[in-house]
Amino acid sequence: MSKVGIFFGTDTGTTRKIAKMMYKELGEALADKPLNINRADADTLAGYDFLILGTPTYGSGELPGMSADCQEESWEEFLPNFEDMDLSGKKVALYGLGDQVNYAGEFVDGLGELCEAVTDAGAETVGQWSTDGYTFDASAAEEDGEFCGLVLDNDNQSDMHAARITEWIAKIKDEMGLA
Ligand SMILES: Cc1cc2nc3c(=O)[nH]c(=O)nc-3n(C[C@H](O)[C@H](O)[C@H](O)COP(=O)(O)O)c2cc1C
């Protein structure tokens with residue numbers, strides 16, 4: 001059976017750190033080592049039946065990349081690849097990093113954009129997460145009280161990461177049929 005591929009974008013390293021925590025939680029029997037999306041090509045990503053994709057939000061509600069003044073290319077530059085990809089039959093779990101205090105009006109919007117791109121490419125998304133426990137005004141990643149993936153706020157709630165990750169990984173293992 002295909003392993004879980006973990007791909008992340010980042011500017012200051014937090015989303016990479018979270019990817020490593022998720023890899024540890026899944027174990028090397030189930031997952032491959034996380035890879036920065038700016039070092040991955042579309043074929044590598046499409047080679048997995050199960051994916052975890054993680055992104056922070058930069059600029060004003062944007063994906064990380066050069067337009068949002070990040071230091072390196074990231075999801076912004078990879079995104080057009082999804083238009084030529086067929087992800088049908090694949091299960092994709094997404095997570096997003098954001099700051100609900102300073103960016104309450106565009107909280108984890110990048111996660112919403114990534115979610116839309118993989119859904120348009122035909123993927124089935126898993127790992128939806130309740131908005132309970134977060135305070136914000138608007139988010140492109142939210143619909144009817146649920147985020148389209150796990151949301152982590154490293155700026156204000158870093159003490160909650162470990163518990164949230166453990167619960168979410170158990171949930172996606174179940175939803176991917178890997179439990
Ligand atoms: C310039 C700047 C813009 C940001 N814009 C947003 C935003 O629009 N929405 C949001 O939820 N978080 C925003 N954030 C918060 C980051 O997403 C958050 O700090 C994240 O943990 C950074 O992840 P990284 O270390 O992997 O780059 C912004 C942070 C910075 C420094």
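Ala, Val, Leu, Ile, Met, Phe, Trp, Tyr, Cys and Pro count as nonpolar, Asp, Glu, Lys and Arg as charged, and the others, Gly among them, as polar. These classes are used below for a predicted model.

The ligand sits in the largest pocket. This pocket has a volume of about 320 Å³. Its lining is made up of 21 residues. Pro-56, Thr-57, Tyr-58, Gly-98 and Asp-155 lie nearest the centre of the pocket. By class, the lining of the largest pocket holds seven nonpolar, ten polar and four charged residues.

The shell around the ligand was examined next. It consists of 21 residues. The closest are Thr-10, Thr-12, Thr-14, Thr-15 and Tyr-58. Six residues of this shell are nonpolar, eleven are polar and four are charged. Tyr-58 is thus named twice: among the residues closest to the ligand, and among those nearest the centre of the largest pocket.

Oxygen atoms of the ligand pair with polar atoms of the protein. In Tyr-58, the partner is an N or O atom of the side chain, 2.5 Å from a ligand oxygen. In Asp-11, a polar backbone atom is 2.8 Å from an oxygen atom of the ligand. In Gly-61, the partner is a backbone N or O atom, and it lies 2.8 Å from a ligand oxygen. The ligand taken alone exposes 650 Å². The protein buries 83% of that area.

The second largest pocket has a volume of about 200 Å³. Its lining includes Gly-112, Cys-115 and Glu-116. Gln-128, Ala-140 and Ala-141 also line this pocket. So do Glu-142, Glu-143, Glu-146, Phe-147 and Cys-148. Three elements each supply at least two residues of this lining: helix H4 (109-120), strand S7 (142-143) and strand S8 (146-147). H4 gives the most, with three residues. By class, the lining of the second largest pocket has five nonpolar, two polar and four charged residues. The charged residues are Glu-116, Glu-142, Glu-143 and Glu-146. The polar residues are Gly-112 and Gln-128.

Definitions and conventions. Residues numbered from 1 in each chain as written. Predicted model: local features only at pLDDT ≥ 70, side-chain atom pairs only at ≥ 80, totals over all residues. Heavy atoms only, no water. Near = heavy atom within 4 Å. Polar contact = N/O pair within 3.5 Å; in protein donor to acceptor, adjacent residues only side chain to side chain. Areas by Shrake-Rupley, 256 points an atom, 1.4 Å probe, with all protein chains shown as cover. 1 Å grid on protein atoms, 1.4 Å probe; cavity = no way out; pocket = protein on both sides within 12 Å on 5 of 7 lines; lining within 4 Å. Sits in = over half its atoms within 2 Å of the grid points. Points joined across faces, edges and corners; volume = space filled by probe spheres on them. Helix = DSSP H or I, 4+ residues; strand = E, 2+ residues; numbered from the N terminus.
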